[in-house]
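User: I'd like a close look at one part of this protein, and then a walk outward from there into its surroundings. Could you take me through it in one go?

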Amino acid sequence: MAEPAGIETLLTEAAEDPTLQAALIEWLKWLRDERRSSPHTIHAYGRDLVSFLTFTSAHLGAAPTLRDLENLEARDFRAWLARRAAAGLGRTSTARAFSVLRGFFRWLEKNGRGRNHAIRTVRTPKLPQAVPKPLNTADAAKAVQHIGLLASEPWVATRDIAVMTLLYGCGF
């Protein structure tokens, strides 16, 4: 399974340090071979990491090395989160990107490449909890009518319509 073209190149261009480049390539291989992530997942994770490395380059004033990543503090991660929020990126997107970062740092630590405990202290953005919307009366009536059409026998249709009507009447 090959990831969409270019993500390995983008990652290695975002990191000038050969040690960091090697770690990034190994991480991509691990995602592909051991985690068996889909090519689109690998590409999305890579884009999130490129975004972070690009921010870190500007934030530190130079392309980060692996040691620089180890020495980042919680405020550096929070600055990246704030930059994403200021750019208008959604909280769900930012939460996923931060999850990618945490996963990358966990992988670094697990494989003896480096560690950063500060990332563990940073909280991800709170995600909105959507509440399901109830059907309006017209949609509920259509659902009740159509449920009867799915039945193989008339008595099953009658039963299903009765159950749907009861559930709608109870507020479910």
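Analyst: R36 is exposed, because its relative accessibility is 61%. In this predicted model, R36 lies in the loop that joins α2 to α3. Its backbone deserves a glance too: phi of R36 is near 55 degrees, a positive value in a residue other than glycine. As background, most residues other than glycine have a negative phi.

Let's step back from the loop into α2, which covers residues 18-34. This helix packs with α6 (residues 91-110) at an angle of about 105 degrees, and the two axes are 11 Å apart. The two helices are therefore roughly perpendicular to each other. On the α2 side, the contact is made by L20, A23, L24, E26, W27 and W30, and these meet V100, G103, F104, W107 and L108 of α6. By type, the contact residues divide into nine nonpolar, one polar and one charged.

F104 is a good residue to click on here. Leaving out residues up to four places away in sequence, F104 touches L20, A23, L24 and W27, and also L49 and L69. F104 belongs to the largest nonpolar core, which has 35 residues; together with W27 and F77, F104 touches the most other members. Six helices, α1 (7-14), α2, α3 (39-60), α4 (66-70), α5 (74-86) and α6, each supply at least two residues of this core. The largest share comes from α6, with eight residues. In general, nonpolar side chains tend to be buried together in soluble globular proteins.

Now go the other way from the loop, into α3. With 22 residues at 1.5 Å each, α3 should span 32 Å, and its end C-alpha atoms are 31 Å apart, so the two values agree. The buried residues of α3 include I42, L49, F52, L53 and F55, along with H43, T56 and S57. Those buried residues pack against α1, α2, α4, α5 and α6.

One of the α3 residues to pause at is D48. D48 counts as buried because its relative accessibility is 7%, and the cut-off for buried is under 20%. Its contacts, again leaving out residues up to four places away in sequence, are W80, R96, A97 and V100. V100 also appears in the contact of α6 with α2. Just after α3, G61 has a positive phi of about 90 degrees.

W80 takes us on to α5, where the buried residues are A74, D76, F77, W80, L81 and R84. What covers them includes α3 and α6. The 13 residues of α5 should span 18 Å at 1.5 Å a residue, and the end C-alpha atoms are 18 Å apart, so expectation and model agree. Just after α5 comes G88, with a positive phi of about 85 degrees.

A last stop is G114, in the loop between α6 and α7 (137-149). Where R36 is exposed at 61% relative accessibility, G114 counts as buried because its value is 12%. Not counting residues up to four places away in sequence, G114 touches E70, F105, L108 and E109. L108 is also one of the α6 residues that meet α2. Further along the chain, T124 is 10 residues from G114, and their C-alpha atoms are separated by 22 Å.

Conventions: Residues are numbered from 1 along each chain as its sequence is written. This is a predicted model: local features need pLDDT of at least 70, side-chain atom pairs count only at pLDDT 80 or more; totals for chains, interfaces and linings use all residues. Side-chain values use heavy atoms; hydrogens and water are left out. Axes are lines fitted to C-alpha atoms, for helices over the stretch in contact, and angles run from 0 to 180 degrees between N-to-C directions. Helices (H or I, at least four residues) and strands (E, at least two) are DSSP runs, numbered from the N terminus. Angles under 35 degrees count as roughly parallel, over 145 as roughly antiparallel, 65 to 115 as roughly perpendicular and the rest as oblique. Contact means heavy atoms within 4.5 Å. Ala, Val, Leu, Ile, Met, Phe, Trp, Tyr, Cys and Pro count as nonpolar, Asp, Glu, Lys and Arg as charged, and the others, Gly among them, as polar. A nonpolar core is a set of buried Ala, Val, Leu, Ile, Met, Phe, Trp, Tyr and Cys residues joined through side-chain atoms within 4.5 Å. Buried means under 20% relative accessible area, exposed over 50%, partly exposed in between (1.4 Å probe, protein chains only). The expected span of a helix is 1.5 Å times one less than its number of residues.
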